[in-house]
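Please look over the sequence and the model together before reading on. The paragraphs below go through the fold step by step, from a sheet to the interior and then to some backbone details.

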Amino acid sequence: LRDACRRFAIDTDHVYLSGHGTGGEVAWDLGLSHPDLWAGVIPISAKADRYCRFYRENASQLPVYMVLGELDAGKLSDSSPVLDWMIARQYNVSVSEFFGRCEDHFSDEILNLFDWMPRHRREFFPREIAVETMRPWDNFFWWVEVEGLTERSILPPDVWPAPRGVRPMSVEAEVRANGTISVRTGADQVTLWLAPELVSFSSPVSISVNGRRNRRDDD
């Protein structure tokens, strides 16, 4: 993505991630683990598996358009724990299922996809963030960066299925109306990357991490 942005004039608030088959499962994973990078994710003939079940809350601000066939090896039923959870919480999720079709490229859905994409734009400065992480490199979300996940939260890709007791670590952050920033997480270190779209740099900023307040009055 960084390389493409260096080579071409790209509106980074309108970048959409897609893939087919195994590539679609990668799109699911990259989309949910880095939701701040994309305006939407389009998995085709792919199931939401593995980390997706732990990262499903990360789709609260990530539109998803899933395309698959009715006979495609049960991928819809395999994805239902993630999809049902998102839909029940009114996340922005669309599912296009082609009856009587198995794994396919679904070129007949392309016009609908191109109609859907411009309707969704990445919100780069959300005032509320609530995400889950289980990999040390999934540690940057919009304007919050964390380091040092708790041991019980780390799940390397080569350790699967997930051992009993492993739970994702939550990262919650909010910019309140009075300019106060509240962060809650189990990480050892928190870095905030602030901008005028979030806080006024002409006023004191009060930051609270896990209930401990640190007020900065520096210029």
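Two strands are taken to pair if DSSP finds at least two bridges between them. In this predicted model, strand E6 and strand E7, which covers residues 144-147, are joined by two bridges and run antiparallel. One of the residues concerned is Phe 141, whose bridge partner in E7 is Val 144. Strands of a sheet pair through backbone hydrogen bonds, in either a parallel or an antiparallel way. Here the pairing is antiparallel, and the three strands form an open sheet in the order E6-E7-E10. Its edges are strand E6 (140-141) and strand E10 (189-192), each of which pairs on one side only.

From the sheet we turn to helix H2, which comprises residues 22-33. The twelve residues of this helix should span 16 Å at 1.5 Å a residue, and the C-alpha atoms at its ends are 16 Å apart, so the expected and the computed span agree. Within H2, the buried residues are Gly 24, Ala 27, Trp 28, Asp 29, Gly 31, Leu 32 and Ser 33. The elements that cover these buried residues include strand E1 (16-20), along with E2, H3, E3, H4 and E6.

Two of the buried residues of H2, Trp 28 and Leu 32, appear again in the largest nonpolar core, which has 26 residues and in which Trp 28, Leu 32, Cys 52, Met 86, Tyr 91 and Met 134 touch the most other members. At least two residues of this core come from each of H2, H3, E3 and H4, and H4 gives the most, with four residues. Beyond its neighbours within four places in sequence, Met 134 is in contact with a set of residues that includes Tyr 51, Phe 54 and Tyr 55 as well as Leu 149, Ile 154, Val 166 and Pro 168. A second core, separate from this one, has 20 residues, among them Met 169, Ile 181, Val 183 and Leu 198.

Helix H4 (residues 75-88) also holds Ser 79. Is this serine buried or exposed? Ser 79 has a relative accessible area of 0% and is therefore buried, since buried means under 20%. When neighbours within four places in sequence are left aside, Ser 79 is in contact with Ala 46, Lys 47, Ala 48 and Met 66.

Some backbone details deserve a look in the loops. Arg 50, in the loop between strand E2 (40-44) and helix H3 (51-55), has a positive phi of about 50° although it is not a glycine. With a relative accessible area of 40%, Arg 50 counts as partly exposed. Ala 73, in the loop between strand E3 (64-69) and H4, likewise has a positive phi, near 55°, in a residue other than glycine; its relative accessible area of 63% makes Ala 73 exposed. In the loop between E7 and strand E8 (169-175) lies Pro 161, and the peptide bond that leads to it from Trp 160 is cis, with omega near 5°.

Last comes the empty space inside the model. Rolling a probe the size of a water molecule over the atoms shows where such space is left. The structure holds one cavity of 30 Å³ or more, and the largest cavity contains about 40 Å³ of space. Which residues line the largest cavity? Its lining is made up of Pro 35, Trp 38, Gln 61, Arg 121, Arg 122, Glu 123 and Trp 142.

Definitions and conventions. Residues are numbered from 1 along each chain as its sequence is written. This is a predicted model: local features need pLDDT of at least 70, side-chain atom pairs count only at pLDDT 80 or more; totals for chains, interfaces and linings use all residues. Side-chain values use heavy atoms; hydrogens and water are left out. Buried means under 20% relative accessible area, exposed over 50%, partly exposed in between (1.4 Å probe, protein chains only). Contact means heavy atoms within 4.5 Å. The expected span of a helix is 1.5 Å times one less than its number of residues. A nonpolar core is a set of buried Ala, Val, Leu, Ile, Met, Phe, Trp, Tyr and Cys residues joined through side-chain atoms within 4.5 Å. On a 1 Å grid over the protein atoms alone, a cavity is a set of points where a 1.4 Å probe fits but cannot get out, and a pocket is an open set with protein on both sides within 12 Å along at least five of seven lines; lining residues have an atom within 4 Å of a point. Grid points are joined across faces, edges and corners, and a volume is the space filled by probe spheres set on the points.
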